[in-house]
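Work through these short exercises on charged pairs and burial. Try each task before reading its solution.

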Amino acid sequence: MPIYAYEAVDSTGAVVKNTYEADSEDAVRMEIKRQGMTAISIGKQNALGRSINVNIGGKPKTRDMSVFCRQMTSMIRSGVTMIDALKMMAESTENRKLQETIEEVKTSVEKGEAVSAAFGEHPEIFSEFMVNMAAAGEASGSIDIAFERMAIQLEKSGKTQAIIKKAMVYPIVVLVVMIVVVIVMLVKVIPSYAEMFKDLGTDLPAITKAVQAVSNFIIHYWFILVPVIVGSFVAIFTFSKTDSGKHFFGKIAISFPGVKVLVIKSAAAMAARTLSTLVAAGIPLVEAVDIAAKVMTNVYFMEAMQHAKEEILIGQPLSRPLEESGLFPPMVYHMVRIGEETGQTEEMLDKCADYYEEETEMAVQAMMAALEPMIIIVLAGVVGVILAACMAPMLTMYQALDSL
C-alpha cells in the first residue's frame, strides 16, 4: 500500500506532520478525522522522501526526542492505541536510529511488554529519566501526561543546551579565523620580508627575529608540529573521559571566573527541572534524586546529588545535603526547604527551575558581552605583533638612511 504524508491540526491547534499507510487519500482523511484532527494537506510520499528518512542516522538529538514525546501525547489523547501510535511515529520520524528503535519498541509492546520495559531495552536512546516517567505513567494510568511532561522537560533542557552551544559559536569562529590568519602571515608574508631584508644586509630587530624563527619552525618542521598538536587534543579528550579528568575539568569549570556563574546556574536549573518533573509524576524522591544525579554534566554536582540520595535514605530532608554541598545557590535549598515544610516541593522546584533557566540565559548573554571585546583584543594583539615584526625593519632602514 502507498504511504501518504499529511499535515493536520489537532484539538490544541498544534500542527501535526505524519505519515499513514492506506489504500487511498480518502482512507487517510478518515483516519485523521478519527484521531480528532483536521486535515490541512495529504499527498503520497515519494520514493525520494522515504529514502531520505531512512538515510538520516546518528543518535537522536534532544529536539528529536521532545518531538517524539509531544506527538505521542497528541495521538494517545486522540484515542490512537499505543501500538498504532508507535507505528506511525516509526514511519514519520526522520532519524534512522530513532526509527529503528521505535520499531523495536513497537514489536516488544506487541508481545505484551510494558512501554517502560521496552524503553529500558534501549538505554542509548531512551534515558533512565524517560523509562521511569513511562513507568510512572503506566502505574497511574496516565501515560499521555507522562509523555507530555517528558516533552516539556526535554524542550526546556534542549533550550538551555542550545543557548550555551550558541554562545560558543562566536569565540570558536574567531579563534579559527585568528589561527588561519596567523599561519598565512607566518608562512607567506614573513618569509618574503625576511628575504628582502637579508639582501639589504641590515641587522633585524629582535621582534622580527623572534617571529622569523617561529615562521621557519612552522615551515621546516610542520610534520612534527601537526602530530604534536593533534596528539595533544586527543590526549586531552581522552583524559577528560577519565575520573581524574572529569574532576580536573569539573573543578576548573566551577572555579574559573565568568564560567563559574554559568555552570552553577545551568546545573541548578537542570537539577530543579528534572526533580520537579519526576516528583510530579509520582516517582519517589530517592529515585528522582538518583536520576537527577545522572543528568548532571559536571562531576561535582553529580556527586553532590548522589550524596543527597544517601542522606535521604537515612532520613535527612533534601534541602540539607544540597546546602552542605556548597555548590548550589542559596535560593535552591531555601526553596526546597519551603516546599518540604509546606508539602509543595514540586511547585517550589518548578519555580526554581523557571528562575534559573532565565538566569542561565542572562549569564550566557553576560559572558558573551565580556568575551567579544576580549577576543578582539587578543586577535588584535597577535596580528599586531606580526605587523610590528614586519614594520620594525622598515623603520630601522629609514632611520639608517636619515643618518646618512
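**Exercise 1: a pair within one helix**

At 37% relative accessibility, R96 counts as partly exposed, since buried means under 20% relative accessible area, exposed over 50%, and partly exposed in between (1.4 Å probe, protein chains only). The model is predicted: local features need pLDDT of at least 70, side-chain atom pairs count only at pLDDT 80 or more, and totals for chains, interfaces and linings use all residues. Residues are numbered from 1 along each chain as its sequence is written, and side-chain values use heavy atoms, with hydrogens and water left out.

Task: Find which residue forms a salt bridge with R96.

Solution. Step one: apply the rule, a side-chain nitrogen of Lys or Arg within 4 Å of a carboxyl oxygen of Asp or Glu. Step two: the partner is E100, with the closest N and O atoms 3.2 Å apart. Step three: place the pair. Both lie in helix α5 (residues 96-110), 4 residues apart, about one turn of the helix. Helices are DSSP runs (H or I, at least four residues), numbered from the N terminus. Step four: E100 is partly exposed, at 32%.

**Exercise 2: a pair between helices**

Task: Is R273 buried or exposed? Which residue forms a salt bridge with R273?

Solution. Step one: R273 has 6% relative accessibility, so it counts as buried. Step two: its partner is D354, the closest N and O atoms being 2.4 Å apart. Step three: D354 lies in helix α16 (residues 345-402) and R273 in helix α11 (residues 259-280), so the pair ties together parts 81 residues apart in sequence. Step four: D354 is partly exposed, at 31%.

Definitions and conventions:
Helix = DSSP H or I, 4+ residues; strand = E, 2+ residues; numbered from the N terminus.
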